[in-house]
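Reader: I have a structure open in front of me and would like to learn how to read it. Could you walk me through some features?

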Amino acid sequence: MIENKNEGILNEIKKEFFIFRNGIVADKLKGLYPSGVIVYGLNVPQLKEISIRYGKDLELGKRLWEDKKSRESRLLALYILPPEDLEEQYAEKMIRDVRNDEEAELLAFRLLRHLPYAERLLVKLQNAEKFDNTKSAYCVNMLAKNLGL
């Protein structure tokens, strides 16, 4: 039942992305993403507006983050995921999955800095092995800046 509910919500969200699309912005952002990723060109205030309608929802947020075919899905997830409910292991996975500076910056600013375990996570990641993904390391640095450390 929840799966079907989220499917319906995901379809509604995709329709909103299409309504708000901005071709000029999308064309400029497409170079930041691998081929095959849909970029609608929504800006951050538009994503925030959409997120207000859906509220905080752990499962919906995870589904959006896992949608690697849409820039806006992943960024919207950062507004919908409730920091107090997000598992530390999943937060680490998100950092390791970051694809570019935009995702890294928004992940650190919108979500990671609000985690109840943010400082512990930062220390753990700073002391960990090197990241395969330089954008992940950048995300960790952005988290440190957002925490004022």
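**Reading a buried residue and two helices**

Author: Gladly! Keep in mind that this is a predicted model. Let's begin with Asp 67, which has a relative accessible area of 16% and is therefore buried, because buried means under 20%.

Reader: Where is Asp 67 found?

Author: Asp 67 sits in the loop between α4 and α5 (71-80).

Reader: Which side chains does the side chain of Asp 67 touch through polar contacts?

Author: One such contact, of 2.3 Å, links Asp 67 to the side chain of Lys 14. Another, of 3.0 Å, goes to the side chain of Ser 73. Leaving aside neighbours within four places in sequence, Asp 67 is in contact with Lys 14, Ser 73 and Arg 74.

Reader: Which residues of helix α4 are buried?

Author: First, the general idea: an α-helix has 3.6 residues a turn, so residues three or four places apart point the same way. In α4 (residues 58-66), the buried residues are Leu 58, Leu 60, Gly 61, Lys 62, Leu 64 and Trp 65. At the start of α4, a side-chain oxygen of Asp 57 comes to within 3.1 Å of the backbone nitrogen of Glu 59.

Reader: How do I describe two packed helices?

Author: You give the angle between their axes and the distance between the axes. Here, helix α7 (residues 101-111) and helix α9 (residues 134-146) pack at about 35°, with axes 8 Å apart. Their crossing is right-handed. The residues of this contact comprise eight nonpolar, one polar and three charged. Among them, Leu 107 and Phe 109 are in α7, while Met 142 and Leu 143 are in α9.

How values were computed:
Residues numbered from 1 in each chain as written. Predicted model: local features only at pLDDT ≥ 70, side-chain atom pairs only at ≥ 80, totals over all residues. Heavy atoms only, no water. Buried < 20%, exposed > 50% of the residue type's maximum accessible area, 1.4 Å probe, protein only. Helix = DSSP H or I, 4+ residues; strand = E, 2+ residues; numbered from the N terminus. Polar contact = N/O pair within 3.5 Å; in protein donor to acceptor, adjacent residues only side chain to side chain. Contact = heavy atoms within 4.5 Å. Axes fitted to C-alpha atoms, helices over the stretch in contact; angles between N-to-C directions. Left-handed = near helix turned anticlockwise from the far one by under 90°. Nonpolar A, V, L, I, M, F, W, Y, C, P; charged D, E, K, R; others polar.
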